[in-house]
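I opened my notebook for a fresh look at a structure that was new to me. Here are my entries, kept short, for anyone who would like to follow along.

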Amino acid sequence: MAFPKSKAIYDIDLETRTITPPPFLSVEKDHESSTIYFRVDRYYDYMDLSLLPGVIQYITPDGATHYYPIPFYDIVTEQDVEEPANSKMLVPWCVQGTATQFVGDVTFSLRFFSVEQ
């Protein structure tokens with residue numbers, strides 16, 4: 001199934017380290033009822049980010065830090081076959097109940113990890 005065109009996609013700029021955030025994450029106390037999608041460069045600093053594990057780190061209004069392990073990257077929807085270096089990938093965040101348990105602002109960041117054996 002192709003990515004639905006009706007879904008909003010929020011951009012991440014790796015050069016400026018900025019994220020265009022959604023206006024809201026979810027309804028209070030919802031659990032895994034909404035998924036937010038981010039668009040990010042697939043290749044950055046000579047690295048294919050789709051090969052790295054990633055997490056979304058978020059801080060809830062109570063000050064607690066949480067992590068959402070990114071389950072997959074969509075590297076097909078935004079691929080640039082003529083200029084692969086310009087390809088983007090989509091990153092899903094299925095918003096969990098820990099992010100919606102309190103009313104207020106949730107701050108978040110995306111992190112990719114390069115792990116050596």
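**Entry 1: a three-strand sheet.** I began with an open sheet of three strands, in the order 7-6-9 and with antiparallel pairing. I looked up its edges next: strand 7 (65-69) and strand 9 (107-112) each have a single partner strand, so one side of each is left without a neighbour in the sheet. From one strand to the next, the twist averages 25 degrees. A reminder to myself before going on: this is a predicted model.

I then followed one pairing in detail. Strand 6 (residues 54-59) runs antiparallel to strand 9, and six bridges join the two. Along that pairing, I found Val55 opposite Arg111 in strand 9.

**Entry 2: a four-strand sheet.** Next I turned to an open sheet of four strands, ordered 2-1-3-8, where the pairing is mixed. Strand 2 (18-19) and strand 8 (88-94) are the edge strands here, and each pairs on one side only. I looked closer at strand 3 (residues 35-41), which pairs with strand 8 in the antiparallel sense over seven bridges. One spot I marked there is Ile36, whose bridge partner in strand 8 is Trp93.

**Entry 3: the nonpolar core.** Which residues have the most contacts inside the largest nonpolar core? I noted Phe38, Ile56, Tyr58, Val91 and Trp93, in a core of 23 residues. Strands 1, 3, 6, 8 and 9 each supply at least two residues of this core. Strand 8 provides the largest share, four residues. I was glad to meet Trp93 again, since I had already written it down as the bridge partner of Ile36. A general note for the margin: in soluble globular proteins, nonpolar side chains tend to be buried together.

**Entry 4: the largest pocket.** I looked for empty space and found about 330 Å³ of it in the largest pocket. There are 16 lining residues, and the closest to the pocket centre are Leu14, Arg17, Leu110, Arg111 and Phe112. Which strand gives the most to this lining? It is strand 9, with four residues. Strand 1 (9-13), strand 2 and strand 9 each supply at least two residues of the lining. Sorted by class, the lining holds 10 nonpolar, three polar and three charged residues. Arg111 was already in my notes as the residue opposite Val55.

**Entry 5: three loop residues.** I finished with some single residues in loops.

- Arg17 sits in the loop between strand 1 and strand 2. Its phi is near 60 degrees, a positive value in a residue other than glycine. Is Arg17 buried or exposed? I found a relative accessible area of 61%, which is over the 50% cut-off, so Arg17 counts as exposed.
- Tyr46 lies in the loop between strand 4 (43-44) and strand 5. Phi is positive for Tyr46 too, near 65 degrees. Tyr46 is exposed, with a relative accessibility of 88%.
- Leu49 belongs to the loop between strand 5 (47-48) and strand 6. With a relative accessible area of 6%, under the 20% cut-off, Leu49 is buried. I also checked Leu49 against Met89: the two are 40 residues apart along the chain, and 8.8 Å separates their C-alpha atoms.

Notes: Residues numbered from 1 in each chain as written. Predicted model: local features only at pLDDT ≥ 70, side-chain atom pairs only at ≥ 80, totals over all residues. Heavy atoms only, no water. Pairing = 2+ DSSP bridges. Axes fitted to C-alpha atoms, helices over the stretch in contact; angles between N-to-C directions. 1 Å grid on protein atoms, 1.4 Å probe; cavity = no way out; pocket = protein on both sides within 12 Å on 5 of 7 lines; lining within 4 Å. Points joined across faces, edges and corners; volume = space filled by probe spheres on them. Nonpolar A, V, L, I, M, F, W, Y, C, P; charged D, E, K, R; others polar. Core = buried A, V, L, I, M, F, W, Y, C linked by side-chain atoms within 4.5 Å. Buried < 20%, exposed > 50% of the residue type's maximum accessible area, 1.4 Å probe, protein only.
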